[in-house]
Amino acid sequence: MRKMLQRSTWSISTLAQGSHVYAPIVAAELERQIDEWLQLLPQQLSFRASPAIGSHPRQDPNSAQVEFLRTQYYAFKASIYWPAVYEALTAGEANGDLLHHCTRFFTSFAQFVPSAAAAVVVCKPNLWTLCTR
């Protein structure tokens, strides 16, 4: 997960003149890989949805690990699609396809926030990592 998260900023292509453009095909592949990773998690570490803001994390021996993994998952998904938002902002315009990817960023970020809020409650050993995401 950490290697994938570190590489996620590469959903861009560099043009000959040195400018960067969003690469939706790379973003789609990164998302496919993270979703495949999610499907391969053992049942005790599996999760499907973000907790609601203000809800209490699960009370089981694996809850800290589950909340940490969920938070990293949504951070990764948001970072995959951030370059689309950046391109739309810097270009001052966006076509329908780029806007679709921008929507995916905001959806992922909206899922990240409650996940991070739940994780900081139970993931004290990983608190620094969570706060720097």
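**Notebook: salt bridges, a helix pair and the core**

I searched the whole structure, a predicted model, and found six salt bridges. I went through some of them one by one.

Entry 1, Arg-104. I looked up its partner and got Glu-31, with the closest N and O atoms 2.5 Å apart. This pair ties together distant parts of the chain, as Arg-104 sits in helix α4 and Glu-31 in helix α2, 73 residues apart. Then I checked accessibility. Arg-104 comes out at 29%, so I put it down as partly exposed. Glu-31 is at 8%, so that end is buried.

Entry 2, Lys-77. Here the partner is Asp-35, and the closest N and O atoms are 3.5 Å apart. Again distant parts of the chain are linked: Lys-77 belongs to helix α3, Asp-35 to helix α2, and their positions lie 42 residues apart in the numbering. Lys-77 counts as buried because its relative accessibility is 11%. Asp-35, at 26%, is partly exposed.

Entry 3, Arg-70. I found its side chain in a salt bridge with Glu-67, at 3.2 Å from N to O. The two are three residues apart in helix α3, so about one helical turn separates them. I noted both Arg-70 and Glu-67 as buried. I also asked which residues are joined through shared partners, and got one network of Glu-31, Asp-35, Lys-77 and Arg-104.

Entry 4, α2 against α3. I wanted the packing geometry next. The axes are 9 Å apart and the angle is about 170°. That is over 145 degrees, so I call α2 roughly antiparallel to α3. From α2 the contact takes Ala-27, Leu-30, Glu-31, Ile-34, Asp-35, Trp-37 and Leu-38, and from α3 it takes Leu-69, Tyr-73, Phe-76, Lys-77, Ile-80 and Tyr-81. Sorting the contact residues by type gave me ten nonpolar, three charged and no polar.

Entry 5, the core. I pulled up the largest nonpolar core and counted 26 residues, with Trp-37, Phe-47 and Tyr-73 having the most contacts inside it. Helices α2 (24-40), α3 (63-91) and α4 (96-122) each put in at least two residues. Which helix gives the largest share? I got α3, with twelve residues.

Entry 6, His-100. I placed this one in helix α4. Its relative accessible area is 41%, so I logged it as partly exposed. I also took its C-alpha distance to Tyr-81, which is 9.8 Å for two residues 19 apart along the chain.

Technical notes. Residues numbered from 1 in each chain as written. Predicted model: local features only at pLDDT ≥ 70, side-chain atom pairs only at ≥ 80, totals over all residues. Heavy atoms only, no water. Core = buried A, V, L, I, M, F, W, Y, C linked by side-chain atoms within 4.5 Å. Buried < 20%, exposed > 50% of the residue type's maximum accessible area, 1.4 Å probe, protein only. Axes fitted to C-alpha atoms, helices over the stretch in contact; angles between N-to-C directions. Parallel < 35°, antiparallel > 145°, perpendicular 65-115°, else oblique. Contact = heavy atoms within 4.5 Å. Nonpolar A, V, L, I, M, F, W, Y, C, P; charged D, E, K, R; others polar. Salt bridge = Lys/Arg side-chain N within 4 Å of Asp/Glu carboxyl O.
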